[in-house]
Every structure is written in C-alpha cells, then in structure tokens.
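Open your viewer and bring both the cartoon and the side chains within easy reach. We will go from stop to stop, and at each one I will tell you what to select and what is there.

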Amino acid sequence: MNSRQVEKMLEQLIVAAENLSMGRYDDHEQLFAMTDSEHYPPVITRFAEAFGMMSVKVEAREFRLEQMIGELTIARDELTIANERLQQSLLDLRQAQMQLIQQAKLETVGRLAAGVAHEVKNPLAIIQLGVDFLAGELKDNRVWHETVIDMEDAVQRADRVIKGMLDFSRSEQLELQETDLHSVIDDSLLLVRHELNNKDISVELGQKVSLPLLMLDRNKLKQVFINLFMNAVHAMPEGGTLTIAASLHVVTPADLATCCSSQARPAAGNRAVLLKIADTGTGIQEEAVTRLFDPFFTTKPVGVGTGLGLSVTRKILELHQAVISLGNRKDRQGAEAVLLFTL
Amino acid sequence: MKNRILLVDDEAGITRMMRRNLEATGRFEVLDINNPTLAVDTARQFRPDLVVCDVMMPDMDGGAVAAAFAEDAQLAKVPIIFLTAIVSRNEVEPTGSMIGTHLFLAKPVKLDELLTCIDSQLGKAGAGAGCIGGVL
C-alpha cells in the first residue's frame with residue numbers, strides 16, 4: 001500500500017467526519033467497505049470500522065433524540081390544552097360560586113321583602129287614610145292642599161316599592177299552562193296602551209310567525225312584558241318606536257355569550273322562541289350594563305323606578321327556563337331586550 | 001238613617017283614621033275596636049250593617065272573625081270587607097277582589113276605593129245578595 005492510497009482513505013474519513021458534524025450519515029457503507037479491503041493497513045481499517053460504528057450510533061441517538069423531542073412536543077401541547085381546560089374549569093367554578101352567592105342574596109332579599117312589605121303596609125295605610133282625611137279638611141287652603149297632595153304622592157311611591165318587593169318575593173309560584181306567546185304580548189300591550197299613547201310611542205309588531213304553544217304562567221309573563229314595555233316608555237320621553245318581534249330560532253354560541261350568567265342557560269343547537277323587544281330611546285349606559293338585574297338598581301329618576309322590575313323579570317323568566325339579555329341596539333340608538341324560550 | 005259600620009283592626013291608628021274619614025262623610029255611624037276577640041260580642045250590641053276587618057291579627061285572624069259571624073244567626077248576613085297587607089294594590093280590582101265570598105282590599109287603601117266598596121256591599125246587602133257565610 002502506498003502513501004497515496006493511505007492519504008485518499010484519510011481524506012474519505014475527513015469528509016465522513018465533516019458530513020457527520022453536519023448531521024449527514026450517508027458515508028456508513030463506504031466506510032464499512034473500506035474495512036473489507038486488504039489494501040489498507042489493519043490500523044486504518046479498524047479506525048474506519050470504529051468511525052463507521054460511531055457514525056451509526058450517533059445517527060441512532062439523534063433519531064431517538066428527535067423522537068423524544070416529538071414526544072415531548074406532543075406532551076407539552078397536551079399539557080397546554082389541559083391547562084387551558086383547567087383555567088376554564090376554574091372560571092366556571094368561580095362563575096358558579098358567584099351565581100350561588102347571587103342566588104342566596106336574592107333568596108334573602110325575597111324573604112326580607114315579604115316581611116318588610118307586610119310591616120310597612122300598615123303604617124302606610126295610616127298615613128294614606130290620614131292624608132285622605134286632611135285632604136278633605138284642607139281643600140280650601142291651596143298651600144295646605146298642595147302639601148297634602150305631595151304627601152299622597154309620597155305614599156303612592158312607597159306603595160309602589162312595596163309592590164315590587166312583594167312581586168319579587170312571590171315570583172317563584174307559577175301556574176303553568178300551554179300559552180300562545182303572541183296573545184300574552186297583545187294582552188300586555190293593551191295594559192300599557194295608555195302610557196304608549198301619552199308618550200307618542202308607536203308599536204311595530206314583527207310578522208306573526210306561527211309559534212308552538214309554550215308552558216307559561218300567563219300572568220307572570222304579562223308582568224315581564226309590562227316591565228319591559230314600561231322601561232321602553234321611560235327611555236323614550238319624547239316619543240319613539242317600540243318594536244316587538246318573535247321568531248323560531250336555533251340557539252347559537254353567540255346567544256350564549258350574552259346570556260351565560262343565567263342559571264337557565266340553554267345549550268347551543270337547542271330550538272327556542274326568540275323574542276326581541278327594542279326601543280329608540282336613550283340606550284343603556286356602559287357602567288349600568290353589569291348591574292341592570294341587581295335588585296334595587298335603577299337608572300330612573302327618584303320616584304319613577306323601584307329598581308326591582310328587571311330583577312323580578314329575570315327571576316320569572318328563569319323559572320320558565322327562559323333567559324334574557326339586555327343591551328344597546330347595533331342598528332340604531334336605543335336598547336334591546338332579547339328573550340329566549342327554550343323548546 | 002246612617003249606616004252602621006264596625007271596624008276591626010289591631011292597629012289603632014288604622015281604625016282611628018278610617019273612623020274619622022267615614023264619619024266626615026256624614027253618612028255613617030262608626031265603631032272601631034282593636035281586639036278581634038271582642039268582634040262578635042261588640043257586633044251583637046252595635047248591630048252593624050257592614051264590617052271592615054283586618055286579615056292578619058294576633059289572637060284571632062280575619063278568617064276566624066268571619067267564621068264566628070257566619071255561625072251567629074244575628075250576624076251571619078252582615079257583609080264583611082277585609083283589609084289586608086299581604087297583597088299589593090295592583091293584585092286587587094279597583095272595586096275589590098274576593099277571598100271566598102268576601103270582598104277584600106289591599107292596604108294602604110284609599111278613601112275613595114273604600115267608599116266605593118262599602119257602597120257596593122251595602123247595596124248588595126240591601127238587595128238580599130250579601131257576602132254571607134264564606135270563610136277565608
């Protein structure tokens with residue numbers, strides 16, 4: 001063997017080493033072929049064999065390493081998903097906890113309301129009859145008579161608050177029967193017709209699509225609609241349009257995003273009757289949105305609202321497995337209530 | 001001739017105010033008591049044409065007073081109007097609603113509503129169609 005052959009072999013080994021350093025493992029066969037040659041000295045063939053074995057083992061380890069990296073990546077992705085689920089569970093848990101606290105608060109308010117209502121009505125009755133007596137005695141003195149009238153208005157205001165509290169405490173007793181939703185809406189509109197006419201508010205009814213009969217407490221639902229209609233009236237002191245439209249609907253995830261705090265939350269894909277009640281009034285202020293359904297929260301002037309209308313409304317709807325969301329209209333100025341009655 | 005009205009309510013302020021209002025009309029002779037257990041004995045002596053009675057009272061509630069009147073031959077036909085604080089005004093018709101066969105009004109009652117109901121009940125009693133014998 002001459003020095004030229006040894007040099008050529010060493011060059012092959014150098015190229016193989018460079019390839020190896022760059023992650024190319026194509027030289028094994030060539031290296032092992034060198035070991036079979038009788039032209040090379042034993043030390044060179046042993047070196048080529050050892051180098052080839054090293055190359056095979058490095059390739060195998062790198063392959064295993066890549067496998068492990070792949071497995072770790074999958075494990076990391078699974079952990080990420082598990083973590084996201086855990087975060088969602090935590091959020092759900094917190095929301096459930098908030099609902100329980102809210103429910104307990106409402107039950108306490110309900111019990112207190114019934115007790116307070118009864119205790120306050122007797123003294124209120126004395127004041128009312130006293131005012132009636134004085135109104136007769138003082139009717140010839142304008143100033144005194146006006147004073148008595150102001151007192152009478154105050155008694156009536158207090159009585160409205162008591163009425164709201166009694167409604168709130170009683171909203172759990174339902175008398176369900178198969179009911180046509182359109183007819184309840186029509187009856188409720190009749191009851192507020194005077195208010196609508198006084199404020200020059202026109203009513204636009206959507207197309208009366210055929211709806212399935214719903215199991216409803218007719219009187220309680222009338223209370224719900226009257227509350228919503230009167231809110232619309234108060235939001236349109238200069239007149240406007242009250243739009244009411246009912247339709248058949250399939251619940252979407254977008255619906256759930258606006259009603260998710262409710263206990264009666266339907267599932268996406270459920271069939272439902274969708275009722276929209278919209279006004280062209282002043283709309284809802286952003287800071288009020290989260291508190292609209294809190295008992296005793298009101299944005300109306302003193303003496304106009306009791307702050308119980310919407311909390312009673314939501315409570316009644318939830319007992320009917322229905323949900324309500326309230327917000328500002330997207331198409332124009334005004335507020336819109338969206339009610340979903342799950343079928 | 002003035003109609004006689006007996007007022008029964010454990011709240012002295014309510015019976016006093018009702019008495020003053022009813023007497024001020026000049027049409028009624030009014031007696032008020034605040035102990036419902038004395039209602040039957042008082043009525044036997046006073047012989048009212050109509051009774052205005054509270055529902056929730058200690059010792060004897062309005063239902064028990066009505067039942068005692070129904071069992072008394074002299075008082076069985078006397079109409080009773082109940083006043084109650086356990087309903088709200090909007091749950092009651094403008095001229096009163098019925099509990100069994102008795103008319104009831106929600107507290108706080110306004111004088112004109114009370115007078116309307118009293119007149120309707122006295123008219124019915126005079127016509128022989130009084131609210132008789134019902135219990136709560």
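Begin by selecting B:Asp9, B:Asp54 and B:Lys107, which are linked in a network of salt bridges. Bear in mind that you are looking at a predicted model.

Within that network, show the pair B:Asp54 and B:Lys107 as sticks: their closest N and O atoms are 3.1 Å apart. B:Asp54 lies in strand 3 (residues 50–54) of chain B and B:Lys107 in the loop between strand 6 (102–106) and helix 4 of chain B, so the salt bridge ties together parts that are 53 residues apart in sequence. Now add a surface. Are these two side chains buried or exposed? B:Asp54 has 3% relative accessibility and counts as buried, and B:Lys107 is buried too, at 1%.

Keep B:Asp54 on screen and add B:Pro36. The C-alpha atoms of these two residues are 9.0 Å apart, with their places 18 residues apart in sequence. B:Pro36 sits in the loop between strand 2 and helix 2 (39–46) of chain B, and its relative accessibility of 3% makes it buried. Which residues should you select around it? Leaving aside those up to four places away in sequence, B:Pro36 touches B:Val8, B:Met57, B:Pro58, B:Met60 and B:Val65.

Staying in chain B, move to B:Arg27 and B:Asp119. They form a salt bridge whose closest N and O atoms are 2.4 Å apart. B:Arg27 is in the loop between helix 1 (12–24) and strand 2 (28–33) of chain B, while B:Asp119 belongs to helix 4 (residues 111–126) of chain B, so this pair ties together parts that are 92 residues apart in sequence. With the surface still on, you will find B:Arg27 partly exposed at 36% relative accessible area, and B:Asp119 partly exposed at 35%.

**Crossing to chain A**

Next, colour the two chains separately and select the contact between them. The contact involves 18 residues from chain A and 21 residues from chain B. About 1,900 Å² is buried between the chains, and carbon and sulfur atoms give 62% of that area. If you display polar contacts here, the count is six residue pairs, both residues of each being at pLDDT 80 or more. On the side of chain A that touches chain B, helix 3 (42–137) and helix 4 (142–170) of chain A each supply at least two residues. Helix 3 of chain A gives the most, with eleven residues. Colour this side of chain A by residue type and you will see six nonpolar, five polar and seven charged residues.

How many salt bridges cross this interface? There is one, so zoom in on B:Lys110 and A:Glu152, whose closest N and O atoms are 2.3 Å apart. A:Glu152 is in helix 4 of chain A and is buried, with a relative accessible area of 13%. Select what surrounds A:Glu152: beyond four places away in sequence, it touches A:Gln128, A:Val131, A:Asp132 and B:Lys110.

**Inside chain A**

From A:Glu152, go on to A:Asp159 and select A:Lys121 with it. Their side chains meet in a salt bridge, at 3.6 Å from N to O. This pair links distant parts of the chain, with A:Lys121 in helix 3 of chain A and A:Asp159 in helix 4 of chain A, 38 residues apart. Both ends are hidden from the surface view: A:Lys121 is buried at 0% relative accessibility, and A:Asp159 is buried at 6%. The structure as a whole holds 17 salt bridges over all chains, so there are others to look for once the tour is done.Now zoom out to see the whole of chain A, with its eight helices and seven strands. Of its 343 residues, 37% are buried. Among contacts in chain A between residues at least 6 apart in sequence, 74% join residues at least 24 apart.

For a last view, colour chain A by pLDDT. The mean for chain A is 82, and 89% of its residues reach 70 or more. Select strand 2 (residues 201–205) of chain A for the highest confidence, at 92, and helix 7 (residues 253–259) of chain A for the lowest, at a mean of 69. Where pLDDT is low, the predicted coordinates should not be read in detail.

Terms used
Residues numbered from 1 in each chain as written. Chains lettered and ligands numbered in written order. Heavy atoms only, no water. Contact = heavy atoms within 4.5 Å. Buried area = accessible area lost by both parts, 1.4 Å probe. Salt bridge = Lys/Arg side-chain N within 4 Å of Asp/Glu carboxyl O. Polar contact = N/O pair within 3.5 Å; in protein donor to acceptor, adjacent residues only side chain to side chain. Helix = DSSP H or I, 4+ residues; strand = E, 2+ residues; numbered from the N terminus. Nonpolar A, V, L, I, M, F, W, Y, C, P; charged D, E, K, R; others polar. Buried < 20%, exposed > 50% of the residue type's maximum accessible area, 1.4 Å probe, protein only. pLDDT = per-residue confidence, 0-100.
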